[in-house]
Every structure is written in structure tokens, then in C-alpha cells.
Amino acid sequence: MIGVTVLGSTGSIGVSTLDVMARHPERFKAIALTANSQVERMLEQCHQHRPEFAVMVDEQAAEQLKNKLQAAGLEIEVLSGVEGLEQVAALPQTDYVMAAIVGAAGLRPTLAAARASKRVLLANKEALVMSGHLLMQEIRDSGAELLPIDSEHNAIFQSMPGNFSDGLEHVGVTRILLTASGGPFRTNSLESLKSVTPDQACAHPNWEMGRKISVDSATMMNKGLEVIEACWLFNTPASNIQVVIHPQSVIHSMVQYSDGSVLAQLGNPDMRTPIAHAMAWPERMESGVASLNMFDIARLDFEEPDMTRFPCLRLAYEAIVAGGTAPAILNAANEIAVEAFLNERLPFLSIPRIIETTLERVSHHPAESLDLIYEDDELAREMAKQLLMEHAA
Ligand code: NAD
Ligand code: MG
């Protein structure tokens with residue numbers, strides 16, 4: 001039996017992970033589930049999946065969960081805080097850790113899983129964006145495995161030759177083609193983007209996801225974060241990564257080789273495919289996803305991305321080229337701006353403005369330690385909040 005800790009089990013990726021696990025009860029056992037504050041959903045998951053541990057980051061939520069589990073007669077140990085997350089990411093009975101917390105909050109437990117040599121199933125792209133160098137180093141040093149869950153990176157991984165760790169040029173890979181749906185506003189004019197609402201931004205045409213990543217998809221910051229994620233995962237500069245708009249979301253990304261070949265992974269847009277792939281790797285297992293019907297799809301379209309309407313993509317390319325803590329600053333400013341947009345305190349088109357000004361005003365440094373990264377992350381959050389206040393005034 002493979003023991004699994006699901007970080008962020010109540011979220012979109014967490015729920016899909018538990019769905020895949022429940023299809024293979026002879027193979028996987030839930031060791032720990034974690035959430036921020038959603039007690040009712042966690043209680044349901046505890047009933048269904050019977051983990052040994054449940055973590056609620058929020059102390060009050062942890063207390064509530066404890067009482068409810070006791071009343072239900074379920075013997076599950078409840079932990080709280082970031083320490084609780086780090087603890088369950090490194091348990092000896094845990095073999096795989098699904099890193100599916102959203103945002104910077106996922107970094108510490110993901111690092112803890114890497115340090116404890118787990119198979120890390122990485123959905124939490126922000127962790128890699130913030131501290132790619134440190135996280136990859138930790139993976140190498142501890143002998144942990146890192147398998148990408150983000151559908152594009154999972155597709156790239158599937159399209160890569162077996163061993164690419166010595167560099168893509170040694171295995172004949174010339175370019176990564178990172179596909180993007182273009183999000184809900186792909187065909188909107190700049191003018192019409194001025195007044196879009198959070199609900200419109202969260203209505204993704206092909207994928208059902210959490211609200212933060214949905215807004216990131218609408219601004220195309222999600223693709224920008226994914227370019228940075230791909231640089232770290234596949235050890236290649238951003239200049240080797242071409243974003244390709246592909247509105248149908250059937251091809252999940254491609255790898256181009258020196259002989260002219262292009263390998264792609266295709267499938268229905270359902271995260272259970274990359275989750276099942278990474279959990280079964282190097283084998284394959286059933287995921288609950290229907291197989292692709294080519295005649296229903298009929299056609300596949302491709303376009304170049306428009307960096308004028310979607311400046312977040314340009315900002316992300318600039319941040320990874322600048323290096324050091326610049327991507328962490330980009331990510332922190334984006335988290336603040338997206339939250340403000342979701343709370344209707346910031347118009348959609350001001351999201352990139354806040355991020356760009358934060359990057360101009362907060363200087364970046366070599367990302368040599370976690371402390372230095374968190375320092376610049378914090379400075380960027382403060383700057384972005386200050387810019388929000390100026391915006392409101
Ligand atoms: P979500 O908002 O649906 O779920 C987030 C989870 O994280 C929840 O369980 C929540 O309780 C937990 N969480 C939130 N804030 C926390 C905090 N401060 N501390 C601890 N836990 C906290 O998000 P999601 O869509 O499942 O995305 C999760 C991650 O996976 C993100 O990094 C996202 O970019 C990535 N991802 C998601 C998808 C997708 O299809 N949803 C695809 C690719 C990558
Ligand atoms: Mg993705």
C-alpha cells in the first residue's frame with residue numbers, strides 16, 4: 001500500500017486526487033488530509049477516506065474539527081498551523097505527497113516533503129516559482145522524486161525522453177511548446193476587459209479550478225507562472241519555451257526535437273489524467289477520465305499569444321530572466337492583486353499594473369536562502385498593498 005498525504009485536500013486538485021485514489025483502494029491509502037479552514041468539507045473527507053491525520057491550518061477550525069470527529073466517533077489526530085502541514089508532509093508512513101495548496105502557503109510543506117525524500121506530486125506551481133533553485137536542489141540532495149501535476153508540465157514530462165537531467169540539448173530537444181487555452185477573455189478587446197467581474201474571470205471555458213488560478217488564467221499570469229515552472233522542472237532557459245494559444249485544451253503541451261519531430265500529449269481537460277499519471281508512474285492506471293473522441297473534437301486551432309492585452313505573460317518572462325527573487329516578487333504581488341480583484345477592490349486591468357510597479361520598486365536579490373526569498377516576498381506584498389491603497393484613494 002502506498003501512503004499518501006494530500007496537502008490542500010479540500011481544493012479542486014485535492015478533490016480530484018481523492019477521486020483517483022478511491023478508484024484504487026488496493027493501491028493507495030490516505031495518511032493525512034489538510035485544509036485551511038473548510039471544516040465541513042474536511043469532515044466529509046475524513047468520513048470517506050479515514051486518514052490517520054487531518055490538519056486545519058486555522059486553529060479555530062482545527063478545534064471545531066476535533067469536536068466533530070469526536071462526536072462522530074472517528075479516531076483521527078487533528079493538527080493545526082504550518083507546523084502541522086510540515087509534519088504530515090514528512091511522516092514515515094507517507095510515500096507520496098500531493099502538493100495542492102494554492103499560493104505561497106504551499107512552499108514550506110512542499111519543501112518538507114522534498115527534504116523527507118517523498119515522491120512529490122507538484123500542483124502548487126507558486127512554490128517552484130518562488131524558490132525553484134532551492135526546491136530543485138532539495139529534491140536532488142534528498143533523492144526525492146518530483147512529478148509534475150500541472151497538466152502542461154505533466155504533458156511535457158510525458159513527451160520527454162526518459163532521462164533529460166543532463167540538459168535538453170543532450171537528448172535532442174530544441175524547444176518546449178507550452179499550450180494555453182487563452183482563458184475566458186481570449187477574444188475580448190482591451191476596452192471590454194476594463195469592466196470584467198470576478199465571476200466572469202472565474203468562468204473558464206475548459207477547466208474547473210480554484211478561484212485564484214482561474215483569475216491567473218484570465219490574466220494569463222497562470223501561463224507566465226508555468227513558463228517559470230517549466231524552466232525549473234526541465235532545466236532550460238525561458239527562451240526555449242514558446243507559449244502557444246490552443247483554445248480547445250486538447251493538446252496539453254508539446255516537445256520539439258532536432259529532427260523536426262514534435263511529441264504531444266492529448267486528452268480531455270480533466271486533472272485526474274495528470275494526477276493518475278504521476279501517481280502510477282512509471283505504470284499507468286485508470287483515472288475516471290473518458291477517452292478522447294477525435295471526431296467530436298474535429299479540429300485543433302493555434303494562435304500566438306498577445307502580450308499587449310495580457311501583459312502578465314511578459315512580466316513573468318522578464319522576472320525569470322531577471323532571476324533571483326524577481327519571480328518571488330512577481331508571485332507575491334500577483335497574489336495580493338488577485339485577492340483584491342476577487343474582493344472587487346481592484347479592476348481587472350490594474351492587476352498587471354500593480355505587479356509591474358511592484359517589480360520596479362522592490363529590488364530583487366540572489367535567491368540564496370529561504371529567508372531571503374521570504375524577505376522579498378514580504379516586501380513585495382507590502383508594496384502591492386500600498387499600491388492598492390493609492391489606487392483606491
Ligand atoms: P483551490 O483554491 O481549489 O484549493 C486550495 C487548497 O489549498 C484548499 O484545500 C485550501 O484549503 C488550501 N489552502 C488555501 N490557503 C491555504 C493556506 N494559507 N494554508 C494552507 N492551505 C491553504 O485551488 P486549486 O485549484 O486546487 O489549486 C491548487 C494548486 O494547484 C494551485 O497552486 C494551482 O495553481 C495548482 N493547479 C491547479 C489546477 C486546477 O485544475 N485546479 C491545475 C494546475 C495547477
Ligand atoms: Mg496548467
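In this predicted model, the side chain of N124 reaches the backbone oxygen of G103 at a distance of 3.1 Å. N124 itself is placed in the loop between β6 and α6. With a relative accessibility of 1%, N124 counts as buried, because the term applies to any residue under 20% relative accessible area. The contact from N124 to G103 therefore starts from a side chain whose residue is buried in the protein.

The helix that follows this loop leads to the first ligand. Helix α6 covers residues 125-142, and together with α1, which covers residues 12-22, this helix is named as a contributor to the shell around ligand 1: each of the two supplies at least two residues. In total, 22 residues surround ligand 1, and the closest are T10, S12, I13, E126 and G210. Sorted by character, the residues of the shell comprise 11 nonpolar, 8 polar and 3 charged ones. The shell also draws on two domains, with at least three residues from domain 1 (2-148) and at least three from domain 2 (155-269).

Which atoms of the protein lie at short distances from the oxygen atoms of ligand 1? An N or O atom in the side chain of E126 is 2.6 Å from an oxygen atom of the ligand. The backbone takes part as well: a polar backbone atom of I13 is 2.9 Å from an oxygen atom of ligand 1, and a backbone N or O atom of N36 also lies 2.9 Å from an oxygen atom of this ligand. How much of ligand 1 does the protein bury? Taken alone, ligand 1 exposes 820 Å², and the protein buries 87% of that area.

The second ligand is a magnesium ion. Its coordination comes from D150 (OD), E152 (OE) and E226 (OE), at 2.1 to 2.2 Å. Along the chain, these donors follow the spacing D-x1-E-x73-E. E152 lies in helix α7 (residues 151-159) and E226 in helix α11 (residues 221-233), so this pair of donors ties together parts that are 74 residues apart in sequence. Both glutamates are buried: E152 has a relative accessible area of 8%, and E226 has one of 1%.

E152 has a further partner besides the metal. A polar contact of 2.8 Å joins the side chain of E152 to that of K223. K223 is found in helix α11, the helix in which E226 lies. Like the two glutamates, K223 counts as buried, in this case at 6% relative accessibility. Helices α7 and α11 are thus linked through the magnesium ion and through the contact between K223 and E152.

Other pairs of residues show how separate stretches of the chain are arranged in space. L85 lies in helix α4 (residues 81-89) and is buried, with a relative accessible area of 4%. The C-alpha atom of L85 is separated by 9.0 Å from that of G106, although the two residues are 21 residues apart along the chain. A second pair is formed by R115 and D141, which are 26 residues apart along the chain and have their C-alpha atoms separated by 8.2 Å. R115 lies in helix α5. Is R115 buried or partly exposed? At 46% relative accessibility, R115 counts as partly exposed.

The backbone itself deserves attention at a few points. Most residues other than glycine have a negative phi, and most peptide bonds are trans. Two residues depart from the usual sign of phi. R50, which is not a glycine, has a positive phi of about 45°, and R50 lies in the loop between α2 (39-49) and β3 (53-56). S117, also a residue other than glycine, has a positive phi near 60°. Its place is in the loop between α5 (107-115) and β6 (119-122). S117 is partly exposed, with a relative accessible area of 39%.

What is the form of the peptide bond from W281 to P282? This bond is cis, with omega near 5°. P282 is found in the loop between α12 (272-280) and α13 (294-297).

Definitions and conventions
Residues numbered from 1 in each chain as written. Chains lettered and ligands numbered in written order. Predicted model: local features only at pLDDT ≥ 70, side-chain atom pairs only at ≥ 80, totals over all residues. Heavy atoms only, no water. Donors = N, O, S within 2.8 Å, 3.2 Å for Na, K, Ca; no water. Helix = DSSP H or I, 4+ residues; strand = E, 2+ residues; numbered from the N terminus. Buried < 20%, exposed > 50% of the residue type's maximum accessible area, 1.4 Å probe, protein only. Near = heavy atom within 4 Å. Polar contact = N/O pair within 3.5 Å; in protein donor to acceptor, adjacent residues only side chain to side chain. Areas by Shrake-Rupley, 256 points an atom, 1.4 Å probe, with all protein chains shown as cover. Nonpolar A, V, L, I, M, F, W, Y, C, P; charged D, E, K, R; others polar. Domains from an automatic or database assignment.
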